[in-house]
Amino acid sequence: MNFLNIPKSFASIVSNPILYGLYDTKQKVGRQFYFIFQSRFTAQENKALKEQLGLLLSENARIRKQLAETQSVVSQQKYLDPSTYNLLPARPVGLSRYLKIDQGTNVGFKTGQTVVFNDNYVGKIISVSERASNVRLMADPDSKVAAFSQGLEGKAKGVLIGQFGSEILFDKILHEEKINVGDLVYSEGTEGFLPRGLILGRVTKVLERENEIFKQAKVQPNFNISDLDLVFVIQE
């Protein structure tokens, strides 16, 4: 009987490692397929999460922009009374030599109209299309505005002349007139398009030369044009 059991034992000895090997291989293949499936699923899930994050960031930026524009409108009403000034908002959409805004004849904009931010003068519209306008800024060399400065020691009058760059030259100031660093400079209002009393900037340096009739001053605007979300055009 024991002799007859030898083939069975031998078969068992031979087959068990094979069966174990097949089982082990099956387990490894299964784990590999599971890993590949999980990797693909994770990649798809990460892609979906990135897309959702992108949409949320885009929506957040849109809401923040709308909030900033709403705050600009509310702020503007504090500086220039809507009952006195008819103001229409426009978005800056480009800046080279001129500031480009996103409204034109479609809302009644015309050449020669004044562009402001709060109670600061930004520039004058010099060309208009149906849905865009170009604004000449104070720093442009073709810009000349009658101006006066006001400080603790007195007042000075002159002409604000644009120079390429961020600073503007306050020219034709009589030597006996008082002007100091820090004084605010305002529009005189003698031009037909520009109201009196808009802020043009602040004096950063006084330039005096002996034996000359006039003195000059450098003026810096109170804002950075690239930071503005909205500007406002004074309508007739």
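In this predicted model, Lys 215 is buried but takes part in no salt bridge. The nearest side chain of opposite charge belongs to Glu 208, at a distance of 4.1 Å. Because a salt bridge requires a side-chain nitrogen of Lys or Arg within 4 Å of a carboxyl oxygen of Asp or Glu, the approach of Glu 208 to Lys 215, at 4.1 Å, is not counted as one. A polar atom of the Lys 215 side chain does lie 2.6 Å from the backbone oxygen of Glu 177.

Lys 215 is located in strand β12, which covers residues 214–220. Leaving aside residues up to four places away in sequence, Lys 215 touches the run Phe 170, Asp 171, Lys 172, Ile 173, Leu 174 and His 175. Glu 177, Ile 179, Leu 207 and Glu 208 are also in contact with Lys 215. Glu 177 thus appears among the residues touched by Lys 215 and also supplies the backbone oxygen described above.

The chain that contains this site has 236 residues, of which 32% count as buried. Its secondary structure consists of 1 helix and 13 strands. In sequence order, the helix precedes the strands, giving the pattern α-β-β-β-β-β-β-β-β-β-β-β-β-β. Among contacts with a separation of 6 or more, 55% join residues 24 or more positions apart. The chain exposes about 15,100 Å², and carbon and sulfur atoms supply 56% of this area.

Aromatic side chains form 3 pairs in the structure. In one of them, the ring centres of Tyr 121 and Phe 193 are 6.5 Å apart and the ring planes meet at 45°, so the pair is classed as tilted. Tyr 121 belongs to strand β5 (residues 120–128), whereas Phe 193 sits in the loop between β10 (184–187) and β11 (199–207); the pair therefore ties together parts that are 72 residues apart in sequence. The two partners differ in accessibility: Tyr 121 is buried, at 2% relative accessibility, while Phe 193 is partly exposed, at 23%.

A further pair is formed by Phe 148 and Tyr 186, whose ring centres are 5.4 Å apart and whose planes lie at 25°, so this pair is stacked. Phe 148 is in strand β7 (residues 144–151) and Tyr 186 in strand β10, and the pair links distant parts of the chain, 38 residues apart. Phe 148 is buried, with a relative accessible area of 8%.

Terms used. Residues are numbered from 1 along each chain as its sequence is written. This is a predicted model: local features need pLDDT of at least 70, side-chain atom pairs count only at pLDDT 80 or more; totals for chains, interfaces and linings use all residues. Side-chain values use heavy atoms; hydrogens and water are left out. Helices (H or I, at least four residues) and strands (E, at least two) are DSSP runs, numbered from the N terminus. Buried means under 20% relative accessible area, exposed over 50%, partly exposed in between (1.4 Å probe, protein chains only). Contact means heavy atoms within 4.5 Å. Accessible areas come from the Shrake-Rupley method with a 1.4 Å probe; for residues, only the protein chains shown count as cover. Lys and Arg count as positive and Asp and Glu as negative; His and the chain ends are not counted. A polar contact is a pair of N or O atoms within 3.5 Å; within protein, one must be able to donate a hydrogen and the other to accept it, and residues adjacent in sequence count only if both atoms are side-chain atoms. Rings of Phe, Tyr and Trp (its six-membered ring) pair if their centres lie within 6.5 Å; planes under 30 degrees apart count as stacked, over 60 as edge-to-face and the rest as tilted.
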